[in-house]
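User: I have a structure open that I don't know yet. Can you walk me through it?

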Amino acid sequence: MKVEPGRHSASALGGRVELEADVVVIGSGAGGSACAAALADAGLSVAVIEEGRHWKPADFRQDTAFSLRNLYQDRGARTTRGNAIIPLPGGRGVGGSTLINSAIAFKTPAPVLKQWREDFGCERATDERFAGYFDRIWRTIGVTVNPVAVQRNNNLVFKEGAEKLGLNGQWLARSAPGCAGCGICQYGCPSGGKFSVDRTFLAEAIAKGTVGVYADCRVTGVQSEGDKITAVTGHILDPETFAPIGEVVAKGKVFVVAGGPIQSPLFLLKNGLASSDHCGQHLVIHPTCGLLARNPQVIAPWSGVTQGYYVDCWDKGFLLQTFTVTPDQYFLMLQGPVGAATMEWMADLSHVSSAGALVHDQDSVGFVRQTPIGADIYYHFGDGDKTRLIDGMRLCAKVMLAAGATSVMAGHMGATPLARAEDVDSALPYELPAQQIFLYASHPMGTCRMGGEASSSVVDPTGKVWGWANLRVADASVFPTSLGVNPQVTTMAMGLMVGEAIAAEGI
Ligand SMILES: Cc1cc2nc3c(=O)[nH]c(=O)nc-3n(C[C@H](O)[C@H](O)[C@H](O)COP(=O)(O)OP(=O)(O)OC[C@H]3O[C@@H](n4cnc5c(N)ncnc54)[C@H](O)[C@@H]3O)c2cc1C
Ligand code: SF4
């Protein structure tokens, strides 16, 4: 059947769903939704196919188990292996990772765009073109700085420390104009104050009357003739168990893969659509490490904007950003001290503040590949990146102490509480082994890199998969390098760029 405009749950439609549209988009996250919006602007009919469910703000709960089970890839258990085990969460549902992200909005740094143009041949990544995308993205997802009244103490205390040290600190711009400061962005936004792409780009696209979004469908296969894809195939999933309960077949003239930087390369590789020379390679993730501090004043880290303030050290290869998590997650972060020491910190949780360092990864090596027992995600944390992380952790501890913290706990095994700035550097030596640092990353990128040459990239500068006439990729996997800033805006810009290129070439 021709795509029906609107939102659909395939699990409610029956055993076999057959769709036909000008363009079929696989995945409804930051990239897929922005791409669908650009295609809808051009009057094209679009079927967006998403393995997760449709969600409304009222569905979200402050409940870790519920969120991991329903809103996260692999039920929240996705990790990398290598010289450290790193949790690598990603979103699952209409809206993708924007459902569970902190809404931080950064424009792509100009030096990164320059590097992409000059070193990788991405000739369309110009400052002028991207400035137009940023304007549109700012309007569509409502980027703004939230008022001080909702930032609350975790952000305010870090700001105070940064100002005392004379650092370049600023409020974070966020795509959450109605943020109520409940601090649980990673569980979905229950107030609707966050403008995730399901409620913005995708809603805009649907309103044009040519776009249908089909949830509960996982695309697994392709049908092709010559150098053209003719259809994608897959399963309708039970929204609770994720077990296959039916089939989906979507025919189209153009196909856009936007399953995110872990799923997209695996889909291309599994179907023989790209070579493993580059597809699945070049994984970068922005490794981060969080620090906790005990303060004399009440912080109440369960209240306020989840991530509201940052210190800009991009030129040194890292950013410091505040963050808060729920009490059970704070407990998990306290892996350094055991027994009574942990319970003491937990008993004092109302006085605990938290912030961390995010690294612009440059010498780490990562890849993703399929094995018979599932995805194998490998990441070797490079020495240069570790040095940049340690620099960031040291500065973060000093900011916390400058703000008056009585004790800072850095995120590594065997950490002892730090009470004086002069003890910080020796307590965080560059020789700290990677496997002893509590790393975390939620920004996979780079596994279907864009470039001007087929021999060194997976997609061309318009997102077209080399060797295929009508297959594109439009998500964070196409970045040729890491960014050093949070990636949702750059992903949306790539989605718009790929959608515009399809419309300009004609169907
Ligand atoms: C916890 C967390 C916090 C973050 N915070 C921020 C932040 O504050 N600011 C920021 O800039 N970035 C943040 N990010 C990162 C940002 O959200 C992502 O970089 C961005 O959403 C990536 O977009 P994408 O289109 O590549 O993939 P995603 O947004 O992850 O979307 C991919 C979608 O494709 C679907 N899919 C995958 N395979 C298939 C298939 N075969 N069939 C059908 N559907 C499929 C998935 O279910 C998913 O919904 C955060 C990420 C996480 C996980
Ligand atoms: S902190 Fe703001 S954006 Fe995040 S979930 Fe709460 S209300 Fe939504």
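Analyst: We can go from the overall layout to single residues. Keep in mind that this is a predicted model.

User: OK, what does the secondary structure of the protein chain come to?

Analyst: The protein chain has twelve helices and 19 strands. Its radius of gyration is 22 Å, close to the 23 Å that the globule rule gives for 507 residues, so the chain is as compact as a globular protein of that length.

User: And what does the C-alpha trace span along its principal axes?

Analyst: About 65 × 45 × 45 Å. Of the 507 residues, 57% count as buried.

User: Which domains does the assignment give?

Analyst: Domain 1 is made of 6-55 + 93-101 + 106-140 + 196-283 + 446-505, and domain 2 of 148-187 + 287-440. Their C-alpha centres lie 31 Å apart.

User: How many residues of each are in contact with the other domain?

Analyst: 15 residues of domain 1 are in contact with 16 residues of domain 2. On the domain 1 side, the touching residues are eight nonpolar, six polar and one charged.

User: Which residues of the largest nonpolar core touch the most other members?

Analyst: Ala36, Val46, Val256, Leu291 and Met400, out of 165 residues in that core. Helix H10 (residues 383-402) gives the largest share, nine residues.

User: Where does this core lie with respect to the two domains, and why?

Analyst: It lies between them, because domain 1 and domain 2 both give residues to it. As background, nonpolar side chains tend to be buried together in soluble globular proteins.

User: Back to Val46. What does it touch?

Analyst: Not counting residues up to four places away in sequence, Val46 touches Val3, Ala21, Asp22, Val23, Val25, Ala36, Leu39, Ala40, Ala205, Thr210 and Val211.

User: Switching topic: which residues are closest to ligand 2?

Analyst: Cys179, Cys182, Cys185, Cys189 and Lys194 are the closest of the 15 that surround ligand 2. By class, that shell divides into nine nonpolar, five polar and one charged.

User: One more, Thr490. Is that residue buried or exposed?

Analyst: Thr490 is buried: 28 other C-beta atoms lie within 10 Å, and 20 or more is the cut-off. Its place is in helix H12 (residues 488-505).

User: What is Thr490 in contact with, leaving aside its neighbours within four places in sequence?

Analyst: Thr108, Phe479 and Leu483. Thr490 is also 8.8 Å from Phe130, C-alpha to C-alpha, with their positions 360 residues apart in sequence.

User: And what share of the chain's contacts with a separation of 6 or more comes from residues 24 or more positions apart?

Analyst: Such pairs account for 74% of those contacts.

Key:
Residues numbered from 1 in each chain as written. Chains lettered and ligands numbered in written order. Predicted model: local features only at pLDDT ≥ 70, side-chain atom pairs only at ≥ 80, totals over all residues. Core = buried A, V, L, I, M, F, W, Y, C linked by C-beta atoms within 7 Å. Buried ≥ 20, exposed ≤ 12 C-beta atoms within 10 Å, placed from the backbone. Helix = DSSP H or I, 4+ residues; strand = E, 2+ residues; numbered from the N terminus. Domains from an automatic or database assignment. Contact = placed C-beta atoms within 7 Å. Near = placed C-beta within 6 Å. Nonpolar A, V, L, I, M, F, W, Y, C, P; charged D, E, K, R; others polar. Rg over C-alpha atoms; globule rule 2.2 N^0.38 Å.
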